[in-house]
Amino acid sequence: MMKNKICLNGSNWFFKDSKSTKWFSASVPGCIHTDLAAAGKISDPFYGTNEKDLQWISGIDWDYKTRFDIADKNLFQKDRIDLLFEGIDTFAQISLNGKNLGRSDNMFHEYRFDVKSLLKEKNNILLINFKSPLKSSKNLEKKYGKLYASNGDISRVYARKAQYSYGWDWGPCFTTSGLYKGVSIEGSDNARIISLFAQTTEISSKKATLKIDYEIDSFNGSELEADLKILFNNTVLTTSTESLKLQKGRNEGSFKVEIKDPQLWYPNGYGKQPLYKIDFQLKCKNKIIDSFSDRFGIRKIQVIQDKDSVGRTFIFEVNGIKIFSKGYNWIPADSFLPNVTAKQYKKLLNLAKESNANMMRIWGGGIYEDDQFYKTCDELGLLVWQDFMFACAVYPGYKGFLDSVTREANYQIRRLRNHPCIALWCGNNENEAYKWDGWDGYPIGKKTPDETIFYKILPGLLKKLDPATLYWPSSPWGYEKAYDSKTTGDSHSWEVWNLRDYTAYSKETGRFISEFGFQSMPNFSTIPSYAGASERALTSEVMENHNKQIEGTSKLYRHMALWFPVTEDLKEFVFRTQMLQGQALKYGIEHWRRRKFKTAGALIWQLNDCWPVASWSLVDYSLKPKLSYAYIKKVFSPLLVSIEKQENGISVWLINDTQSKAAGKLTVSIKSLIDDKVSFEKKLNVSVNANTSKKAVTLKLDNAHQSCGKYVYAVFEAQGRQYSNALLFKPLKYLRLGKNEIKKIIHKYSSIETKS
Ligand code: BMA
């Protein structure tokens, strides 16, 4: 009776160019670019300028096929037999045994086809004909009209497909096709569980009340038995059994469950991440016909938006504790999605956690991430700011598009809402910039065709499917000024990297900085993976192709020239850009952490890369952290001592994200980088209350103490540990030293800054 599931992923897949007759061996989950490379038909897409020569791949149609037998004869007795695709990228025509099943045009939801009348015991042929994604989106653009988009071909807005695959300012243009997730045959009797949602409605120290919502598709309207169990550490805590009188079709209902002495889930740095398990079984005459298991956490997450003298706060609060959100923006971990393994997700997210982060933002130009991503965030205590997949554009508003988005959101919200890490749903990335900031010449103030999506469809679905989690229409967004308000909502801080020196972060007073970033080179050891020996010069075509921002390389030079002598030595260039990235981000983060909770979050753009490239990432494509990562780990520390430059001296601040008061000895000294001489020293006893920041002392310093080569060094000794920080008075480029000596001093200062 139990549901049969036959997995069709595996080795028996083939692919070909639709016009040819010769098939090649393919892998599924598959992607045309990686399959072509594995078959030896193209060379490494990431190497040199190969990207430019491989654009033809997304301009033509491709076929994937598999041949399979059904060994389990019982399957044919099932009431219903479905062919299930967990993810099709993107425009495809699907047929089984020569019969057309239907089309796909959205990679963000599953596709299910009834195949009961078509399936045979032997020699089933499943064929998927992928239409060129580029031609498909351009055809839709021709039909419905040109819209607006920055990054990639503008027609991308018509494709419900990962937008970065059309090219981004950190990623190549590989507009992929393929089956990037599971494919299976599923046979069921009587009914199928569509979804289950474990929602905490009330928490006290003694008990938590849960509302468990279920949705069931009944094929024949029979009466079934439902068993629900809640487990913790493999021990059954509660069991409920009910008889369900189901109508034919979709049925909804809920259970109320109480859990005694609930163990609450906390973000990293604030407590543990206990996970409960829910088991739901549907039975017919005591035989299980379908079952569903998931994990969930008990926690209450709110975003405090109280009115204050400037506007409104924007503070995540978990189980009553105000959180300063520290973390990263996340982009897909590869241009070719099937390449990303569970190990990679774990490695990258562990690096985020190890750097004292507590939040990840899944940015809207990528994908709703793989289950592994959310499971790992649940385990590590990383809150997730989840964008819906729309970025930097004006999207269409015709009915077919809105229906597709509705199906997608319905599917994704159900898939993700049990994860305790999900902290906020956000409509899109930077789309409001068109209406409010006139991006790409869009008429300011003019209604955009996609408003129904962000102001009606998505909030409407969430109200029903995940009412306790805040829906935020866009990032950045504010009430009075919808795009990038500095007084309410979240803000993206890009003036520094694009236009100004990093000290300009001190002017940025946003309430929650959901993006800010500073570029650097990838690690020196990563460069040979894309540049041959003769190409390893900064201005070579290959190196420039591996910095996708317009004038990105020249911005690296410009920022370097503000602080260091500019070097042509590649290894040293890598070092100095990564050091500067660390210094710049540290400068911004310290400023925002000092403002705690006037500013209540700092999410760095970006944690990771999708190929080897010079970008804003902290960990490059080889999964090796950059030097800048060490800066972040230190500046994200729950207890931080921070030095702020003043007109005639300095102030030293203490920032405490822990839940207890910290008291200890503060030593502030002025040292010389050249001879290590101490020209000034002050010791004092200081303290800072739990979850606050405080200016501990202001010191006047005369000019002699502030000359080039001198730096302030502050050490706070508390809770049996030392917390140190350093600040330079003048850029090291002013030191009148030979090339090698200045290099030594730069490296020396970097190790002082990163030493924990
Ligand atoms: C942001 C993002 C991305 C972009 C990044 C760097 O605003 O939303 O679209 O890649 O800036 O320019």
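**Reasoning about one interface and one ligand**

In this predicted model, the side chains of Arg80 and Asp217 meet in a salt bridge, 3.1 Å from N to O.

Me: Why is the pair Arg80 and Asp217 called a salt bridge?
Reply: The rule asks for a side-chain nitrogen of Lys or Arg within 4 Å of a carboxyl oxygen of Asp or Glu. Arg80 and Asp217 lie 3.1 Å apart, N to O, so the pair meets the rule. Across the interface of domain 1 and domain 2, the rule finds one salt bridge.

Me: What makes up the contact between domain 1 and domain 2?
Reply: Domain 1 gives four residues and domain 2 gives five residues. Together the two domains bury about 360 Å², with 39% of it on carbon and sulfur atoms. On the side of domain 1, Asp79, Arg80 and Arg112 lose the most area, together 89% of what that side buries.

Me: How many residues on the side of domain 1 that touches domain 2 are charged, and how many are nonpolar?
Reply: Four are charged and none is nonpolar; there are no polar ones either.

Me: Why does Trp170 count as being in polar contact with the ligand?
Reply: A polar contact needs a pair of N or O atoms within 3.5 Å. A polar side-chain atom of Trp170 lies 2.7 Å from an oxygen atom of the ligand, so the pair qualifies. For Asn429 the distance to a ligand oxygen is 2.8 Å, and for Glu430 it is 2.4 Å; both therefore pass the cut-off.

Me: How much of the ligand does the protein bury?
Reply: Taken alone, the ligand exposes 310 Å², and the protein buries 93% of that. The residues surrounding the ligand include Trp168, Asp169 and Cys392.

Terms used: Residues are numbered from 1 along each chain as its sequence is written. This is a predicted model: local features need pLDDT of at least 70, side-chain atom pairs count only at pLDDT 80 or more; totals for chains, interfaces and linings use all residues. Side-chain values use heavy atoms; hydrogens and water are left out. Contact means heavy atoms within 4.5 Å. Buried area is the accessible area (1.4 Å probe) that two parts lose on being put together, summed over both. Ala, Val, Leu, Ile, Met, Phe, Trp, Tyr, Cys and Pro count as nonpolar, Asp, Glu, Lys and Arg as charged, and the others, Gly among them, as polar. A residue is near a molecule or strand if one of its heavy atoms lies within 4 Å of it. A polar contact is a pair of N or O atoms within 3.5 Å; within protein, one must be able to donate a hydrogen and the other to accept it, and residues adjacent in sequence count only if both atoms are side-chain atoms. Accessible areas come from the Shrake-Rupley method with a 1.4 Å probe; for residues, only the protein chains shown count as cover.
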